[in-house]
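Visitor: I have a model open here and a few labels I'd like to see justified. Can we go through them one by one?

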Amino acid sequence: MKTLILYSGTHGVTAKCAEELARRLGKPADVQRLTSGTGPDLAKYDEVNLGCSVLAGNLQKNMKAFCDTHKQELLGKKLGLFVSCMNEENPVGYLQSGLPADLVSHAVVLAKIGGGFFFSDMNVFERFLLKSISKSEAKKKNQPSTIDGKTDILRFNEEGMGKLVAAFR
């Protein structure tokens, strides 16, 4: 069975998560970034894992468009859906609310496989905004902010990775 891991992200975190998923699968998998084009030829693949980052509370627009365009083809594949984000409360909720319901229900796994921030790839405004949001969230929880706007953060979610690996190994 030929496996595709197709991802969409802005600053490189989702790419690292997709590469780590491919490594953990322990079998050949094509890892590709979805650009603004139509994406890869899905006819070549039996298994497809689609993943994207969350930007301002929403999934990447190009992944949503890809899923809408290729929905019928994806419904004929073994499908996994993943997200990379730092939200711990309901990360798969982004998938459930942002993608077609029939694709979500068809997927064998919905998972958060990691999250983080690569500040070195962000512009000044993005770093400032993220640092401000982090401080605000930490204040609500009466905790200090752990985000300084300089130190890159990458965390893999072992539970989510494990679910995808078990389903696609």
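Guide: Sure, what follows is a run through some burial and salt-bridge labels, bearing in mind that this is a predicted model.

Visitor: Let's start with α7. Which residues of helix α7 are buried?

Guide: In α7, which spans residues 158-168, the buried ones are Gly-160, Met-161, Leu-164, Val-165 and Phe-168. They sit on the same side of α7, because the arc they cover around the axis is only 130 degrees. Glu-159 and Ala-166, on the other side of α7, are exposed.

Visitor: What do the buried residues of α7 pack against?

Guide: Their partners are α1 (13-25) plus the strands β3 (47-55), β5 (78-84), β6 (109-117) and β7 (153-156).

Visitor: And what caps the N-terminal end of α7?

Guide: That's Asn-157: one of its side-chain oxygens lies 3.2 Å from the backbone nitrogen of Glu-159. The cut-off for a polar contact is 3.5 Å, so 3.2 Å passes.

Visitor: Why is Glu-159 called exposed?

Guide: Its relative accessible area is 57%, and exposed means over 50%, so the label fits.

Visitor: What makes Lys-163 and Glu-159 a salt bridge?

Guide: Their side chains meet at 3.5 Å, N to O. The limit is 4 Å, so the pair counts. Both residues are in helix α7, four residues apart, which is about one helical turn. Lys-163 has 43% relative accessibility; that falls between 20% and 50%, so partly exposed is the right word.

Visitor: How about α1: why is Glu-20 called buried, and Arg-23 exposed?

Guide: Glu-20 has a relative accessible area of 13%, and buried means under 20%, so Glu-20 qualifies. Arg-23 comes in at 58%, over the 50% mark, so Arg-23 is exposed. The two side chains still meet in a salt bridge, at 2.7 Å from N to O. Arg-23 and Glu-20 lie three residues apart in helix α1, about one turn. They also belong to a salt-bridge network with Arg-24 and Glu-158.

Visitor: How do you know that Lys-71 and Asp-102 form a salt bridge?

Guide: The N to O distance is 3.3 Å, within the 4 Å limit, so yes, the label holds. Lys-71 is in helix α3 and Asp-102 in helix α5, so this pair ties together parts 31 residues apart in sequence. Lys-71, at 25%, and Asp-102, at 31%, are both partly exposed.

Visitor: How many salt bridges does the structure hold?

Guide: Eight.

Conventions:
Residues are numbered from 1 along each chain as its sequence is written. This is a predicted model: local features need pLDDT of at least 70, side-chain atom pairs count only at pLDDT 80 or more; totals for chains, interfaces and linings use all residues. Side-chain values use heavy atoms; hydrogens and water are left out. Buried means under 20% relative accessible area, exposed over 50%, partly exposed in between (1.4 Å probe, protein chains only). Helices (H or I, at least four residues) and strands (E, at least two) are DSSP runs, numbered from the N terminus. The arc is that of the directions from the helix axis to the C-beta atoms. Contact means heavy atoms within 4.5 Å. A polar contact is a pair of N or O atoms within 3.5 Å; within protein, one must be able to donate a hydrogen and the other to accept it, and residues adjacent in sequence count only if both atoms are side-chain atoms.
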